[in-house]
Amino acid sequence: MKRTLATVALFTLVAILPAPARAVELVQTQTMSLHLDGYLQALGVVQHVPDRSRNTDRVYLFLKEARLRFTGNVETVKYEVMLAPGAEDSTPNTNSALGLLDFNFDVPLAGGFDVKVGQFLVPYGRERITTDSTMSFGDRSIENLGFAWNRDYGLALSHYRGKMVGTVAVMSGGGRDVPQRYLPEKLGSPLVVGRFGYNDGIDKDIYHVSARDLEPTRAKSAFYLNALYLKDSSIGHSTVLNVRASDKNLLINSNYNPYITKAPSSLGRVWQVGGDAEYQAPMSFGAFTAEAQVDFSHFDNKYGNLSLKGGRLQAGITRDKWEANLRYAILYLDKKMAYVNAGVSNPILTSDKPLQEITPSVTYHYKPNVILVADFPYLIDMLVFQENTIGSYVMSEHPEQVSVIKPGTTAGTGRVIRHNVPEARLLIQLSF
């Protein structure tokens, strides 16, 4: 009943809200500017999950994201700050607050070069660097679980020459919002990322990618190649990869990688390559858009190695205020992945079948600042973690619950199965 009342209240708020400008101009002089924009996303989810202890049909309502962004310039230097005031990513009892998402400066150089300094998205893969508020699905695909690095801090050198673009970023590898900690270290190499390609007007720049253009005036395309490399460093009692408080893809997640925390420490190497493309064009009925992405990643140290591969394909059409999209994603995990508990390795995969997702979606642009997205993910052969006496968890939404895979009959123990999981999601986005 409470969820129903909250949903009704939210729809009522949507119906009466005005449609303000997309950003608020706070300061504008000849030498500097400051603009403010933001958005929030409320997400409702219905799913059917096989469960031996709790209901198989579930309903959830969340504040998925709340964002505030400040942008502007001082002389010729651009800056960007993005905050997460909703605290949906908070991690109590760790060294990281995780409230700051982006804080960076772009310093122009001669010859079409510029340097980005600060904290920003790792420039790898179209799906991950796409601005959340422009997506026409309730969430990113399952392919993103295997290859996303999200945010980090460092610097990047970018170059724009006509339609050809490229960037090389050197980043810490330890993730975002890392506090000052002066610990003993044995250095490997930082996270080095390259993204190079062709942009015919689809993307604002390499670091600002939109998944939506309701009224393209001409056919446009973009395609990129991505590469990433890191050699782990020993820091205090742990390593750079192990101290990441968030944003761990499955390859470097110690709950899935049985080699990464094995003692005595062996500093591993990670490399990742991939490509992505997008096409947009006006049509007689509106517009057409399509995206594709493929990725491969590898980890190795003296104890063993793991590899992942995956891809994503999606297409959509728009007409007036409506969008219809369809996405397919696939992720191949390594059969050697296992959860290690008290020195015992518990295999995660029960078969060689990949994880797959088919997601149709419908988006309605009620007002310029109010968007409703309804999508219907169908997860094929998804991993489901079943905890004794407690219930089941869908791996794509609770990857850390793999920790219940261990023998026993009480809470905290359990098993993993493969099962198809249907879902329905409704996302309401309000912005200014």
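The largest cavity in this predicted model has a volume of about 140 Å³. Which residues sit closest to its centre? Of the 14 that line this cavity, they are Phe137, Ala211, Glu291, Arg312 and Gln314. Find those five on the structure.

Now look at the strands around this space. β15, residues 286-301, supplies at least two residues of the lining. So do β16, at 304-319, and β17, at 322-332. What is the lining made of? The residues divide into 4 nonpolar, 5 polar and 5 charged.

Next, the second largest cavity. Its volume is about 90 Å³. This cavity is lined by 14 residues, and the closest to its centre are Gln41, Asp132, Met135, Phe137 and Leu427. You have heard one of those names already: Phe137. Here the strands are β3 (57-74), β21 (370-375) and β24 (414-431). Each gives the lining at least two residues. The split is 5 nonpolar, 3 polar and 6 charged.

How many cavities of 30 Å³ or more does the structure hold? There are 5.

Let's move to a sheet. Three strands form an open sheet, in the order β9-β12-β13, with antiparallel pairing. β9 (185-186) and β13 (238-239) stand at the edges. Why is one side of each left without a neighbour in the sheet? Because each has a single partner strand.

A quick reminder on pairing. Strands of a sheet pair through backbone hydrogen bonds, either parallel or antiparallel.

Now zoom in on β12, residues 234-235. It is joined to β13 by 2 bridges, and the two run antiparallel. Ser234 stands opposite Thr239 in β13.

How values were computed: Residues are numbered from 1 along each chain as its sequence is written. This is a predicted model: local features need pLDDT of at least 70, side-chain atom pairs count only at pLDDT 80 or more; totals for chains, interfaces and linings use all residues. Side-chain values use heavy atoms; hydrogens and water are left out. On a 1 Å grid over the protein atoms alone, a cavity is a set of points where a 1.4 Å probe fits but cannot get out, and a pocket is an open set with protein on both sides within 12 Å along at least five of seven lines; lining residues have an atom within 4 Å of a point. Grid points are joined across faces, edges and corners, and a volume is the space filled by probe spheres set on the points. Helices (H or I, at least four residues) and strands (E, at least two) are DSSP runs, numbered from the N terminus. Ala, Val, Leu, Ile, Met, Phe, Trp, Tyr, Cys and Pro count as nonpolar, Asp, Glu, Lys and Arg as charged, and the others, Gly among them, as polar. Two strands pair if DSSP finds at least two bridges between them.
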